[in-house]
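Visitor: I have a fold to look over and would enjoy some company. Could you walk me through it by question and answer?

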Amino acid sequence: RLQLCLFFPSAAGLSLLPYMPRVSPAMLPGKLTATTFALERPCCIFDRHANASDTVWLVVAFANASAAFRNPPSRADVPPYERLPTTHSYMTLERAAAAYACSSQSPAILRVGSDTACRVQGSRDPCNGPLPSPGPYRVKFLVMGCHGPKAETRWSDPILLRRASSPSAIDPVPTRRGSDVVVIASILASLGATLAVAVLSAMGAKAWVSLCHQDSGTSAFARRSYRTHHIPPALPQPLPPGCRCSPPGLGCFAPQPPGPCPAE
């Protein structure tokens, strides 16, 4: 690589390319999220300004700090992702210039902020970590040669990421109509269960009261029949002395006043 640098010296000055980066216009899922965005890959933009030893970087900066960004004089001075909160800019997606050539078969989009392992990898390699806030951000492409920057594009328009205002604003169900059906069905199921419990409770209470009434009626009838129908036998009344007109065993009739005995 050093020989290539010596063989292809960098051109004097910095070329400003008319290309302006932009978010991909294609309809694709996750094109713009809370921490990432899909950038359109520039094609045939750097062919006349880069050689095989050059690399192309993406510069990411907060929109209000993009004007203050200064291109690093060498790769060792590239601002890393970890310093974004303090320097308000960083550089990422280092690729060979051939990746943006007209003949390249590279993907049509560049995913910015897709590397979730940046915070734990602990290396000095360029990191494409998640964006820490909605922004807005501005981006530009910078061609770096062996002796420093060679060409750059214009800054993009501000890119504002999407973020829900609160967790309650996120609908976990894909369609609202389906959500309504689920809610209505759950309400009807709850009402049905409550009605069934009420009916069974009422039937059980009625049966219990009926059994209690039957038991109390039987006891009352037994006590009432004992008092009204069970009449104890009357004791035999003594006959008047010397009277034999009543046969033995018939003393259950009401006593009659003693009468004269018949003549013998």
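Guide: Gladly, and one term comes before the rest: a residue is called buried when its relative accessible area is under 20%, exposed when it is over 50%, and partly exposed in between. Please keep in mind that this is a predicted model.

Visitor: With that in hand, which residues form the covered face of S5?

Guide: Strand S5 spans residues 109–112, and it has two faces. Ile109 and Arg111 belong to the uncovered one. The covered face is made of Leu110 and Val112.

Visitor: Let's step back to the overall layout. In what order do the elements of the protein chain run from the N terminus?

Guide: The protein chain has four helices and seven strands. Read from the N terminus on, the order is α-β-β-β-α-β-β-α-β-β-α.

Visitor: What share of the 264 residues is buried?

Guide: The exposed surface of the protein chain comes to about 18,000 Å², with carbon and sulfur atoms supplying 63% of it. Among contacts between residues at least 6 apart in sequence, 70% join residues at least 24 apart. As for the buried share of the 264 residues, it is 27%.

Visitor: Which strands stand at the edges of the open sheet?

Guide: The sheet has five strands with mixed pairing, in the order S1-S7-S6-S3-S4. A strand at the edge has a single partner, so one of its sides is left without a neighbour in the sheet. The strands placed this way are S1 and S4.

Visitor: What is the bridge partner of Leu16 in S7?

Guide: S1 covers residues 15–16, and S7 covers residues 148–152. These two strands pair in the parallel sense over two bridges. For Leu16, the bridge partner in S7 is Glu152.

Visitor: And which residue of S5 is the bridge partner of Phe37?

Guide: S2 and S5 run antiparallel and are joined by four bridges. Within this pairing, the partner of Phe37 is Val112.

Visitor: Which elements give two or more residues to the largest nonpolar core?

Guide: This core holds 30 residues, and those touching the most other members are Phe37, Leu39, Phe46, Leu58, Val60, Val112 and Phe141. The elements that contribute two or more residues are strands S2, S3, S4, S5 and S6.

Visitor: How many residues make up the other core?

Guide: This second core lies apart from the 30-residue one. Among its members are Trp57, Val59, Met91 and Leu142. Its size is seven residues.

Visitor: Beyond its neighbours within four places in sequence, which residues does Val112 contact?

Guide: Val112 is on the covered face of S5 and is one of the residues that touch the most other members of the largest core. With its neighbours within four places left aside, Val112 is in contact with Thr35, Thr36, Phe37, Leu39, Leu58, Val60, Tyr90, Leu93 and Asn128.

Visitor: Which two cysteines does the disulfide join?

Guide: The structure holds one disulfide, with an S to S distance of 1.9 Å. One of its cysteines lies in the loop between S2 and S3 and the other in the loop between S4 and S5, so the pair ties together parts that are 58 residues apart in sequence. Cys43 is in no disulfide, and the nearest cysteine sulfur, that of Cys44, is 3.6 Å away from it. The joined pair is Cys44 and Cys102.

Visitor: Is Lys150 buried or exposed?

Guide: Lys150 in strand S7 forms a salt bridge with Asp54 in the loop between S2 and S3, 96 residues apart. The closest N and O atoms of this pair are 2.5 Å apart. Asp54 has a relative accessibility of 2% and counts as buried. At 9%, Lys150 also counts as buried.

Visitor: Which residue meets Arg75 in a salt bridge?

Guide: Arg75 sits in the loop between S3 and H2, and its partner is in strand S4, 19 residues apart. Arg75 is partly exposed at 44% relative accessibility. The N to O distance is 2.8 Å, and the partner is Glu94.

Visitor: One last stop: what is the relative accessible area of Ser66?

Guide: Ser66 is placed in the loop between S3 and helix H2. Leaving aside neighbours within four places in sequence, Ser66 contacts Ala61, Arg138 and Trp155. Ser66 is buried, with a relative accessible area of 7%.

Methods: Residues numbered from 1 in each chain as written. Predicted model: local features only at pLDDT ≥ 70, side-chain atom pairs only at ≥ 80, totals over all residues. Heavy atoms only, no water. Core = buried A, V, L, I, M, F, W, Y, C linked by side-chain atoms within 4.5 Å. Buried < 20%, exposed > 50% of the residue type's maximum accessible area, 1.4 Å probe, protein only. Contact = heavy atoms within 4.5 Å. Areas by Shrake-Rupley, 256 points an atom, 1.4 Å probe, with all protein chains shown as cover. Pairing = 2+ DSSP bridges. Disulfide = S-S within 2.5 Å. Salt bridge = Lys/Arg side-chain N within 4 Å of Asp/Glu carboxyl O.
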